Amino acid sequence: MELFRGLSARGRRLLLGVLGMSLALFGGACSTDVGPQDYLSPEGPIAERADGLWDLTFAIAVVVFLIVEAVLVFTVIRFRRRPGREAAQFHGNTKVEVVLTLIPTLILAGLAVPTVKAIADLSKAPAGALNVTVTAKQFWWQYEYPDAEVMTANEMHVPINQPVLLTLEGADVIHSFWIPKLTGKQDVVPGRTNRMQFEATKPGTYWGQCTEFCGLSHANMRLRVIAHEPAEFEQWLLDQQQPAAASVSGAAAEGQEIFMGTCVSCHAIKGTDAQATTGPDLTHFATRETFAGAMFENNTENLKRWIDNPPAVKPGAQMPDYGLSAEEIDAVVAYLQTLK
Ligand code: CUA
């Protein structure tokens, strides 16, 4: 090719190598094995709206990139130094500089139109929304359904095809609420009330996590959103409104006694004397799939390790090690597992 004339054999090999590597990288981006927190595979109208802006911006950026790189590569090769010729130098072309300033300005001004419109649309409270108040605490999430008087933690249940309006409150330091597939990030700031919305259209479990560094277990401050068919969600809400089972027996009764003497200072269990709000409300703890900021699967072994010494398994956890014996821990776990 005319363009490569004068390029040494080594230079051509290098160029081919770079092209090959670029192709491999490009091909690698086509993976279909997406993660549960992949914001590039959005679910629901809110996330899709934001994703549409990203797609538009990305498409424009790709075109700009290709044009700029093509001109750059052409120029570097065409005007390079060759035997018997100096590299060509160009300076100060006012016309070109004005054009090159105007083009990006026009592109950015054009992109601002759909972006500002989307921001304005998404900041309006949606009609017929389910209200959930999210309170971020080190290192877990409290969810209150004010219209149903339901309180839960870490796993937010919602119906599909209904917008959910979140009221975000901070209890200690700044956190940030993020469910990548359903909506963008929103900071949770003590002393401020922030709002955000999302809507799931498919039943299932959506993963999320805190996305503002908030202390030792920031990375362990995870969350789940579980989307149900509307009737199933109504049933969940009804179940959650019930107080905990009145009578327990055996090891669970022992566990309840320990709970009401120790854990009661931080936790609430509806229908009992436990009414504190420092830690998660545990009324229907056994119905949750995870605990401790959705960090652990809710099973006997994990619960025992947790109660034995919380900060040892979750750095910075606010729940202290109460020095319970193995038998006492077994009893408390048995009690927690009755909280259905
Ligand atoms: Cu909460 Cu990071």
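Helices and strands are here DSSP runs, helices of at least four residues and strands of at least two, numbered from the N terminus. In the predicted model, Ser217 lies in the loop that runs between strand 9 (204-209) and strand 10 (222-228). With a relative accessibility of 0%, Ser217 counts as buried, because buried means under 20% relative accessible area. Leaving aside residues up to four places away in sequence, Ser217 touches Phe139, Lys314 and Pro315.

One of these contacts, Phe139, belongs to another loop, the one between strand 1 (130-137) and strand 2 (140-145). The peptide bond that joins Gln138 and Phe139 is cis, with omega at about 0 degrees. Phe139 is thus described by two features: a cis peptide bond with Gln138 and a contact with the buried Ser217.

The protein as a whole has 8 helices and 12 strands. Its radius of gyration is 28 Å, whereas the globule rule gives 20 Å for 340 residues; the value is well over that of the rule, so the protein is more spread out than a compact globule. The C-alpha trace spans about 95 × 45 × 35 Å along the principal axes. Of the 340 residues, 38% count as buried. The exposed area of the protein is about 19,400 Å², and 61% of this area is supplied by carbon and sulfur atoms. When contacts between residues at least 6 apart in sequence are taken, 62% of them join residues at least 24 apart.

Two residues that are not glycines have a positive phi. Glu149 has a phi of about 55 degrees and is found in the loop between strand 2 and strand 3 (150-153). The relative accessible area of Glu149 is 67%, and Glu149 is therefore exposed, the cut-off for this class being over 50%. For Asn161, phi is about 60 degrees, and the residue lies in the loop between strand 4 and strand 5 (164-170).

Pro104 is placed within helix 3, which covers residues 94-122. At a relative accessibility of 36%, Pro104 counts as partly exposed, because the value falls between the 20% limit for buried residues and the 50% limit for exposed ones. Pro104 and Val64 are 40 residues apart along the chain, and their C-alpha atoms are separated by 9.4 Å.

The search for enclosed space gave 1 cavity of 30 Å³ or more. The volume of the largest cavity is about 40 Å³. Its lining consists of Thr152, Glu155, His157, Trp236, Gln240, Thr287 and Arg288. Strand 4 (155-159) and helix 4 (230-241) are the elements that give two or more residues to this lining. Sorted by class, the lining residues of the largest cavity are 1 nonpolar, 4 polar and 2 charged.

Definitions and conventions
Residues are numbered from 1 along each chain as its sequence is written. This is a predicted model: local features need pLDDT of at least 70, side-chain atom pairs count only at pLDDT 80 or more; totals for chains, interfaces and linings use all residues. Side-chain values use heavy atoms; hydrogens and water are left out. On a 1 Å grid over the protein atoms alone, a cavity is a set of points where a 1.4 Å probe fits but cannot get out, and a pocket is an open set with protein on both sides within 12 Å along at least five of seven lines; lining residues have an atom within 4 Å of a point. Grid points are joined across faces, edges and corners, and a volume is the space filled by probe spheres set on the points. Ala, Val, Leu, Ile, Met, Phe, Trp, Tyr, Cys and Pro count as nonpolar, Asp, Glu, Lys and Arg as charged, and the others, Gly among them, as polar. The radius of gyration is taken over C-alpha atoms; the globule rule is 2.2 Å times the number of residues to the power 0.38. Buried means under 20% relative accessible area, exposed over 50%, partly exposed in between (1.4 Å probe, protein chains only). Contact means heavy atoms within 4.5 Å. Accessible areas come from the Shrake-Rupley method with a 1.4 Å probe; for residues, only the protein chains shown count as cover.
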